[in-house]
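Below are some notes on the model, set out as numbered points. They take up strand pairing, backbone exceptions and internal space.

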Amino acid sequence: MPRSQFVDPKQIRKPGTLQFQDIPLNTYQKTVKDEKDNFSKADLLGILEDMMTIREFETMLTEIKVKGAYAGKEFTYPGPSHLSIGQEAQAVGQAYHLGVDDFIFGTHRSHHEVIAKAFSAIKKLSEKELAEITAKENGGKLINVLSQKSKSKGKALAKEFFLYGMMSELFAKEAGFSRGLGGSMHAFFLPFGIFPNNAIVGGSAPIAAGVALYKKCNQKKGVVVANAGDGAVGCGPVYESLNFASMDQFTRLWEDGYKGGLPVIFSFNNNNYGMGGQTKGETMAYDILARLGAGISPSQLHVERVDGYNVLAVIDAFKRKKALVEKGEGPAMLDILTYRQTGHSTSDVQSYRTREELDAWKAEDSIESFKKQLIEAGTAKQKEIDDLAAAVIERNHQMFFLASDLEITPYVDMKADARFIENLMFSNQKTEKMDSRKPDVLLEKKDNPRVQQIAGKERFHIDKAGQPVPKSKQYSIRDGLFEAIFDKYYVDPTLISYGEDVRDWNGAFAVYKGLTEALPYHRLFNSPISEAAIVGTAVGYGMAGGRVIAELMYCDFIGRAGDEVFNQMAKWQSMSAGGLKMPVVLRVSVGAKYGAQHSQDWTALTAHIPGLKVVFPVTPYDAKGLMNTALAGTDPVVFFESQRIYDMGETFRAGGVPEGYYEIPIGEPDVKIAGTDVTILTVGATLYRAVAAAKVLKEKYGVSAEVIDARSVVPFNYEKVIESVKKTGKILLASDACARNSVLNDIAANVTQLAFDYLDAPPFVLGAENWITPAFEYDAFFFPQESWILDAIHTKLLPLTDYTPDKNYTAGELIRKAKAGV
């Protein structure tokens, strides 16, 4: 899109051949004997200890699941157990050169990566730093127990602390790192640079890219590692993330000081299987996974295959890739060949592979191989290794005894604290800015052409002389959104926005007009047409400590980012027990005129998912106020907008839209027209048809309608609505969403419960027909119209004198439509 880049037909139509570089495969073949001068004895024994620690931790879970006991103690663990026995060298090798400022993301099978990263961090932190971290964690619950039950000190105590906390988390104990709400597949510990694992295959890829984006845009230290299995290569969001992290604009368009690809290493732990599906030869087409890197960028992501059964090979590979990424030459990709010696989970009977194959890999076991190398190199004697193994096992036993003891390490008392999880669904915090530094901008606010243009507009649809203001001179919803976003850019230095065509084009609906001139690329940029990456990276950016506005051009495109909206954006605050915040605003525009795949109101989908705040303002005053609130909070907000009314002026608030800053609380409906005979509650642009219907009711039938705009869907305060219903005895609820399973049905059901004694008739929900959205020419037959509202009030709530309805809202018609599925 940038005009600085000329698409020259003479150049791109030239004949030629595309050349690829050779991809290295398992080129590192050194042993401990070859490398002993580059590692101290303590380093090498530490590597072995870390691998054995992981193996014993996983052995514990296996025995609990299979035998119902471990270390002679009976215990039941009903949670998931995706084990990584056999893959220890990959995790320990990865973590060896990573610092505390380097972050890792894992998968559902990441106990090994988490433990390895923790032990690596413990080695690099001072004892004083470790003491501060352990004392602060969860009010000191873990370290207080250990201070009474353990004789260990310093770094040895820190290792016990982590294993005890990890077990407590898996066993759903209150002392767990997420108070038991994350569990096996979502374990993390931020002080050690361990970001959340992800139970969704490939789910970490876009989030890790988003954290890398945060580091890049805010010039923070460290790299990010996105771990995924070989099966994840088949997931669309993974490819989207590889491309997003490698976009040309990072090197061609972004400013000096911000150039270069994202600082992320995509590490594919290639154990040759998805669950039971064998990737090479069955479910994938790549033959060699590393081939994928060649198709992403000219750098081929510096991809190579590494022997993940040789811990030294993995250490070497990560050292080299980390150096590349730190120089701005990222992203990088590694195909780390490994093998899980157990099933996908403990319930897996492994019917998809032979005993011969399994035995062949066990004969190559990375831990046993490393032990032999240590002895052959003269680095350690057998007794030293045996003593180390015994100490590792004993430590795991002791931590298990503590974590499994309900007296010492109890569950959350849900009877005493029934709102424990409820109170974690939203943070409900206000943060003016996520960082204190000065924001990067290109213009003074007063010099912005859009600001100057808005200054000449009327902020109410009637001027001071009482005359209607021409549409072109009215301050619109589009202007209200712009003002809130624009102002925040000059307050919060971390704020960035991106989506399809938000720069230069000004966003598909011109909300961003005026931002291109004001902001550098690293704060406003165009994304690929990759909705999963757009939302997933926004989740990572927010999780890392930045504020972000991500835009999906049409509401209908939420489906392309379903996991990222419903499983990622919505859940991480609560799954982390409040340890993570999610200051993400997802702008989605409800279309009109463009048919079945571009004109749907999906508020109900987002409202159904716990953990998301959902708003839908439809006036300039509300749009600005709610956007201000969303951009001041730390919760994820899905911000619906209607394409029908972007140019609508302020027709309700007599004082017009204030020039200064103000907020509107999310969850508070607003009475737009006071009335006494019937209540009309609307969500979205249907408000204006309800207002028109209210005018007809008053002027033609003498009926006084109270019109309430929901403004928000989640949360929602019923008090104002119930107050209205107590007065009118009747309520109609209307929106442009299809009536079936509309969020209005939920509101209607709650109104019935809350105001049953005051209702003269059941609430009536009026929505769009349960069809595909037809062409614009048929809008009047599909979306609620002024006449539909009158028909529904007459038929279901309040008969109107001498009125003949056109629409059939009888019980028989409702039953007919339900039986037909429409």
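1. The model is predicted. A right-handed β-α-β unit is made by β6, helix α14 (residues 311–326) and β7. Its two strands, β6 (residues 304–307) and β7 (residues 332–337), run parallel and are joined by 4 bridges. One pairing to check on screen is that of E304, whose bridge partner in β7 is L334.

2. The loop between α14 and β7 holds P331. The peptide bond leading into P331 from G330 is cis, with omega near 0°. This cis bond thus belongs to the connection from the helix to the second strand of the unit described above.

3. An open sheet is formed by 7 strands, with mixed pairing, in the order β9-β8-β10-β11-β13-β12-β17. Its edge strands are β9 (524–526) and β17 (712–714), each of which pairs on one side only. From one strand to the next, the twist averages 20°.

4. Within that order, β13 and β12 are neighbours. Strand β12 (residues 613–615) pairs with strand β13 (residues 637–642) in the parallel sense, over 3 bridges. K613 has V637 as its bridge partner in β13.

5. A cis peptide bond also runs from V714 to P715, with omega near -10°. P715 sits in the loop between β17 and α26 (719–728). The strand before that loop, β17, is an edge strand of the open sheet.

6. Most residues other than glycine have a negative phi, and most peptide bonds are trans. Where does D501, with its positive phi, lie? D501 is in the loop between β8 (496–499) and β9, and its phi is about 60° although the residue is not a glycine. D501 is partly exposed, at a relative accessible area of 24%.

7. D802 is another residue other than glycine with a positive phi, near 55°. The loop that holds D802 runs between α29 (786–797) and α30 (811–820). Is D802 buried or exposed? Its relative accessible area is 78%, so D802 counts as exposed, for which the cut-off is over 50%.

8. How many cavities of 30 Å³ or more does a search of the whole structure find? The search finds 4, and the largest cavity contains about 80 Å³ of space. It is lined by 13 residues, among them V590, G591, S642, R644 and D736, which lie nearest its centre. By class, the lining has 5 nonpolar, 5 polar and 3 charged residues.

Key: Residues are numbered from 1 along each chain as its sequence is written. This is a predicted model: local features need pLDDT of at least 70, side-chain atom pairs count only at pLDDT 80 or more; totals for chains, interfaces and linings use all residues. Side-chain values use heavy atoms; hydrogens and water are left out. Two strands pair if DSSP finds at least two bridges between them. A crossover is right-handed if, with the strands pointing away from the viewer, the path from the first strand over the helix to the second runs clockwise. On a 1 Å grid over the protein atoms alone, a cavity is a set of points where a 1.4 Å probe fits but cannot get out, and a pocket is an open set with protein on both sides within 12 Å along at least five of seven lines; lining residues have an atom within 4 Å of a point. Grid points are joined across faces, edges and corners, and a volume is the space filled by probe spheres set on the points. Ala, Val, Leu, Ile, Met, Phe, Trp, Tyr, Cys and Pro count as nonpolar, Asp, Glu, Lys and Arg as charged, and the others, Gly among them, as polar. Axes are lines fitted to C-alpha atoms, for helices over the stretch in contact, and angles run from 0 to 180 degrees between N-to-C directions. Buried means under 20% relative accessible area, exposed over 50%, partly exposed in between (1.4 Å probe, protein chains only).
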